[in-house]
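Visitor: I would like to go through this model with a few questions.
Guide: Here it is.

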Amino acid sequence: MKKLLKFLLLILCLGGTASCISHYDEKNNTEPLLKLIDTRLKVAPLVAKSKWNTKAPIDDPVREKVILDSVKSKAQKMGADENLAIHFFQAQFEAGKMVQRQLHSQWKAQNQVPFNPAPNLATEVRPVLDSLTPLLLLELKKNKHNPLHAHSILRLRREARRIISTEFTNDVVETAIQPLEVYGTPK
């Protein structure tokens, strides 16, 4: 079962990533980044299942700090905007935690028993999330550093709702894309 889960996670990750890269369109330049956000959000239910089974807290500030320190360092080396990278990844963490909280709330109301099997957070789920980090950073590097105007924000939100799965609420999507509204979208 673990091999099947790893295979499914790999397909999920690579499927979203491949389509991001192969469907890049100059007129629709937010698409690759939004597809990567969608791919990352689709991992959140697996994180939620693992934490449900282990009763681990949804918030993990120590791990988040390690990731943010790494993101800052990688952004510096790549020549990407460090502030955008940090704010963007904080937003991804928050959006993922929103999904996890929604699911845990639903499962609590349903008296959900532990999932069998549940993915192993350390060995099966986090590697998928970690593999998305450099891809997201590459897309962020393409960012211009000008805040968007109101009509551009509306266009970004419409595009995000078109690309990011409807399984995620508007609040989750808006949280995930908020740094793009402040810092601008890819050139």
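The questions below concern a predicted model and go from its secondary structure to its cores and one buried residue.

Visitor: How many helices and how many strands does the chain have?
Guide: From the N terminus on, the elements run α-α-α-α-α-α-α-α. The secondary structure therefore comes to eight helices and zero strands.

Visitor: Which helix supplies the largest share of the largest nonpolar core?
Guide: The largest nonpolar core has 42 residues, and those with the most contacts inside it are Ile37, Phe89 and Ile164. At least two residues of this core come from each of α2, α3, α4, α5, α6, α7 and α8. The largest share, eleven residues, comes from α5.

Visitor: Leaving aside neighbours within four places in sequence, which residues is Phe89 in contact with?
Guide: Phe89 is among the residues with the most contacts inside the largest core. With neighbours within four places in sequence left aside, its contacts are Leu68, Val71, Thr133, Leu136, Leu137 and Leu140.

Visitor: How many residues does the second, separate core have?
Guide: This second core is separate and includes Val43, Leu121, Val125 and Val128. Its residues number seven.

Visitor: Is Glu124 buried or exposed?
Guide: Glu124 has its place in helix α6, residues 121–141. A polar atom of the Glu124 side chain lies 2.5 Å from the backbone nitrogen of Asn120. Buried means under 20% relative accessible area. Because its relative accessibility is 3%, Glu124 counts as buried.

How values were computed. Residues are numbered from 1 along each chain as its sequence is written. This is a predicted model: local features need pLDDT of at least 70, side-chain atom pairs count only at pLDDT 80 or more; totals for chains, interfaces and linings use all residues. Side-chain values use heavy atoms; hydrogens and water are left out. Helices (H or I, at least four residues) and strands (E, at least two) are DSSP runs, numbered from the N terminus. Buried means under 20% relative accessible area, exposed over 50%, partly exposed in between (1.4 Å probe, protein chains only). A polar contact is a pair of N or O atoms within 3.5 Å; within protein, one must be able to donate a hydrogen and the other to accept it, and residues adjacent in sequence count only if both atoms are side-chain atoms. A nonpolar core is a set of buried Ala, Val, Leu, Ile, Met, Phe, Trp, Tyr and Cys residues joined through side-chain atoms within 4.5 Å. Contact means heavy atoms within 4.5 Å.
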